[in-house]
Amino acid sequence: MTDDGIVRHFFSGFIRLHILYHAAKEPVFGAEITEELIHHGYRLSQGTLYPTLHQLEKLGYLQSQTRVVNGRRRKYYRATASGKRVLNEARGKLHELVAEVLEDHNRDFQTTRRKRHDAGTEPKL
Ligand SMILES: [Zn+2]
């Protein structure tokens, strides 16, 4: 898979969560989101960022407001109540994923497999 393919396949979800996280703390605008994501090692073009922001807004997770800063119009995004709810749900799932993938706590999977094996429905590998 090309680098771009990986970005689309896995990282687009990380990026959406990352945006939601910052927008839940304070209003954020496109250029500073790009900068923040670069800081975290994501290369994100404006052509990807803006459709993502619009999509999150359309889903009702973000709300935008245009402000004039130094004579220029700038669109700020902040998380809505439902965006914050999704973020909280994702937090729980992230905890689980980190525990399993990073800390290697895959006990639930092993327990389930052992039960199936003990019940005789699963051959031992
Ligand atoms: Zn960040």
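Which residues in α3 are buried? Keep that in mind as you go through these close-ups of a predicted model, where local features need pLDDT of at least 70, side-chain atom pairs count only at pLDDT 80 or more, and totals for chains, interfaces and linings use all residues. Residues are numbered from 1 along each chain as its sequence is written, and side-chain values use heavy atoms, with hydrogens and water left out.

**View 1. The buried side of helix α3.** Here Leu49, Thr52, Leu53 and Leu56 are buried (under 20% relative accessible area, 1.4 Å probe, protein chains only). They cover an arc of only 100° around the axis, so they sit on the same side of α3; the arc is that of the directions from the helix axis to the C-beta atoms. An α-helix has 3.6 residues a turn, so residues three or four places apart point the same way.

**View 2. The other face of α3, and what follows.** Turned away from the buried side are Gly47 and Lys58, both exposed (over 50% relative accessible area). Just after α3, Gly60 takes a positive phi of about 85°.

**View 3. A nonpolar patch with Val98.** Leu94, Leu97, Val98, Val101 and Leu102 make a nonpolar surface patch of about 470 Å². Such patches take residues with over 30% relative accessible area and no salt bridge (a side-chain nitrogen of Lys or Arg within 4 Å of a carboxyl oxygen of Asp or Glu), joining nonpolar side chains (Val, Leu, Ile, Met, Phe, Trp, Tyr) within 5 Å. Val98 belongs to helix α4 (residues 81-102).

**View 4. Just past helix α5.** Gly120 takes a positive phi of about 80° there.

Key: Helix = DSSP H or I, 4+ residues; strand = E, 2+ residues; numbered from the N terminus. Patch = residues over 30% accessible without salt bridge, like charges linked within 9 Å, V, L, I, M, F, W, Y side chains within 5 Å. Areas by Shrake-Rupley, 256 points an atom, 1.4 Å probe, with all protein chains shown as cover.
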